[in-house]
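Dear colleague,

Please find below the structure that I am handing over to you. My notes on what was found in it follow directly after.

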Amino acid sequence: MFDLRWIREHPDAFDAGLARRDVAPMAERIIALDAKRRETQTQLQELQTRRNEASKSIGMAKKNGESADTLIAEVADIKSRMASLEDTEKAGGEELDGILSGLPNLPRDDIPDGPDEAANVCLRTEGELRNFDFEPKQHFEIGEALGLMDFEAAARLSGSRFVVMRSAMARLHRALGQFMLDLHTREHGYTEVIPPLLVRDHVLYGTGQLPKFGEDSFRTEDGLWLIPTAEVPLTNLAADSIMDAEELPVRVTALTPCFRSEAGAAGKDTRGMLRQHQFEKTELVSVVHPDDSDAELERMTGCAEEVLKHLGLPYRVMVLSTGDMGFGARRTHDIEVWLPGQNAYREISSCSTCGDFQARRMKARFRKAGEKGTSFVHTLNGSGVAVGRCLIAVVENYQQADGSVIIPEALRPYTGGMEVLRADG
């Protein structure tokens, strides 16, 4: 959501920002709707004042034994006019909110312009690519050959885009999640949270998934939504609150299942675990003072990078273009891990600063010491990292010619000392 005053004062800048997100100019329409609503509100206030005056005069007239018929008729007319204006004001507000809630966040000035991922810019590349003396396989080829990944069984149970993992593979997957949680809580200062996996409409609205992207999530028959990411409940912990400035920053993390319909991903990554309806992810969320949000994005990106550094996985950090950025983001850093089986870098983490975009939707504010007024916080979110994709990266980068997989040293305390993943588990 946006500051209407800012739009009124900077209509050209607002439209220019929308244009960078390939959205048609909206400032003129928004300003007109806002002016009409404010005019209606002024009329309502004036009528309310006159109704109060007339009602007081009616009381005085009756007390003095005078006729109040004219005043009573006036009050009745005022009530009728106010009811009509209230309906007008409500309809105008809903129309205005509907427009604003469907518009993406404006990109920062330093974001590269472009229609899609082809315009993304590489910030840095880390790690050495391994030289294989055999043709590296993709993760699903390795997992199926070991008998530890079963996509056919998952399809019988649930359909496409699911997997059953068994024995040592399941243990490795669990180890990765626990390793990430420990790293972020012990070394990076995040507080662990176990949030609900089912949330109400207003929670998805607060982080920007509703109303525009409802088809990307799963909804239960009683109207609750399965979370597409822990960003949704974690960020909404700050909703409808006024924090003291001294409480900021707030940093929380959670390891949760995530559920996505992948409605727009038909035909993409249909083999393996890269794009699934159900997956686990370690999420990082920060709620910060506006002055600190840019620095916090760098910090959060670094926290996610540390996961890959500890595991010895090559990766690169990309800044996303205006056409590839998410709906609520002002700037996004994607971390792409190297997958030798695909001979390509693939996204494993996405860290974004949203400015006050989500905070306005959630009404999340803070107050400086000694001041009466409040300001909106800034929110950030990032994957720290996607567990399934990290499993893919480990399996592909540490595969051996005989089909086994070396377990990175950082994970061995979480695997009961297991050093090599084999068919026998």
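In this predicted model, leucine 311 is in contact with Leu176, Phe179, Cys390, Val394, Tyr398, Pro408, Ala410 and Leu411, once its neighbours within four places in sequence are left aside. Leu311 is also among the residues with the most contacts inside the largest nonpolar core, together with Leu176, Leu313, Cys390 and Leu421. That core has 48 residues. A second core, separate from it, consists of 17 residues, including Ile7, Leu18, Ala27 and Leu103.

I turn next to the second largest pocket, whose volume is about 420 Å³. Its lining is made up of 18 residues; Trp6, Asn105, Leu106, Arg330 and Asp356 are those that lie nearest the centre of the pocket. Two helices, α2 (11-20) and α11 (357-362), each contribute at least two residues to this lining. By character, the lining residues comprise seven nonpolar, four polar and seven charged.

Finally, a note on glutamate 262, which is located in the loop between β8 (250-259) and β9 (278-288). Glutamate 262 has a relative accessible area of 18% and therefore counts as buried, the cut-off being under 20%. Apart from neighbours within four places in sequence, glutamate 262 is in contact with Arg161, Asp216, Arg275, Gln276 and His277. Valine 164 is 98 residues away from glutamate 262 along the chain, and the C-alpha atoms of the two are separated by 19 Å.

With kind regards

Terms used. Residues are numbered from 1 along each chain as its sequence is written. This is a predicted model: local features need pLDDT of at least 70, side-chain atom pairs count only at pLDDT 80 or more; totals for chains, interfaces and linings use all residues. Side-chain values use heavy atoms; hydrogens and water are left out. A nonpolar core is a set of buried Ala, Val, Leu, Ile, Met, Phe, Trp, Tyr and Cys residues joined through side-chain atoms within 4.5 Å. Buried means under 20% relative accessible area, exposed over 50%, partly exposed in between (1.4 Å probe, protein chains only). Contact means heavy atoms within 4.5 Å. On a 1 Å grid over the protein atoms alone, a cavity is a set of points where a 1.4 Å probe fits but cannot get out, and a pocket is an open set with protein on both sides within 12 Å along at least five of seven lines; lining residues have an atom within 4 Å of a point. Grid points are joined across faces, edges and corners, and a volume is the space filled by probe spheres set on the points. Helices (H or I, at least four residues) and strands (E, at least two) are DSSP runs, numbered from the N terminus. Ala, Val, Leu, Ile, Met, Phe, Trp, Tyr, Cys and Pro count as nonpolar, Asp, Glu, Lys and Arg as charged, and the others, Gly among them, as polar.
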